[in-house]
Amino acid sequence: MTWRSIKRLWPVLPISVIWTVYYLAYQHTSFQEFKQLYQNLVTWKQQHLLLSSILFSATYITIVTCSIPLATIMSIFSGAIFGPILGCTLVIISAPTGAFLQYLVVRHLLYSWIQPKIQQLSPKL
């Protein structure tokens, strides 16, 4: 098998990994288990509202800052767990905060690494 043939299979790799994780994670789960997990999360949230809000916001900010494509799922999750008002408020505060932190990381920490690559691609910039 040559490098060129391996290179052609590259787009199949993420799909294979996602399918494998899905199969291994969900082959023995049922709707009742998801329902029980949801009830446990809601109960814990009711007992620790401030802590759960802070943990959710920190997780959401981290996901947005690192550009992990889970923000939509987390937004839906926030409404399901915290309700529409608090969930929407947490997302409205966390999403711009994560985007701002992402801007700061790229602008100040990665600028010296990105700038030569941009200059190489387009010398007029």
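In which helix does P96 lie? Before I answer, please keep in mind that what we have in front of us is a predicted model, and with that said, P96 lies in helix α6, which runs over residues 84-109.

Let me stay with P96 for a moment. Its relative accessible area is 47%, and because partly exposed covers the range between 20% and 50%, P96 counts as partly exposed. If you look for I61 in the structure, you will find that P96 and I61 are 35 residues apart in sequence, while their C-alpha atoms are 8.3 Å apart in space.

Further along there is V106, which also lies in helix α6 and is partly exposed, with a relative accessible area of 35%. V106 belongs to a nonpolar patch on the surface, which it forms with V105, L109, L110 and W113, and together these residues have about 460 Å² of accessible area. Helix α6 gives the most to this patch, namely three residues.

Now I would like to turn to S78, which is found in helix α5, residues 71-82. Is S78 buried or exposed? With a relative accessibility of 1%, S78 is buried, because the cut-off for buried is under 20%. As for what surrounds S78, a polar atom of its side chain lies 2.6 Å from the backbone oxygen of S75. Leaving aside residues up to four places away in sequence, S78 touches F56, G83, G87 and V91, and of these I would ask you to find G87 and V91 in particular, since they bring us back to helix α6, residues 84-109.

Terms used:
Residues numbered from 1 in each chain as written. Predicted model: local features only at pLDDT ≥ 70, side-chain atom pairs only at ≥ 80, totals over all residues. Heavy atoms only, no water. Patch = residues over 30% accessible without salt bridge, like charges linked within 9 Å, V, L, I, M, F, W, Y side chains within 5 Å. Areas by Shrake-Rupley, 256 points an atom, 1.4 Å probe, with all protein chains shown as cover. Salt bridge = Lys/Arg side-chain N within 4 Å of Asp/Glu carboxyl O. Helix = DSSP H or I, 4+ residues; strand = E, 2+ residues; numbered from the N terminus. Buried < 20%, exposed > 50% of the residue type's maximum accessible area, 1.4 Å probe, protein only. Polar contact = N/O pair within 3.5 Å; in protein donor to acceptor, adjacent residues only side chain to side chain. Contact = heavy atoms within 4.5 Å.
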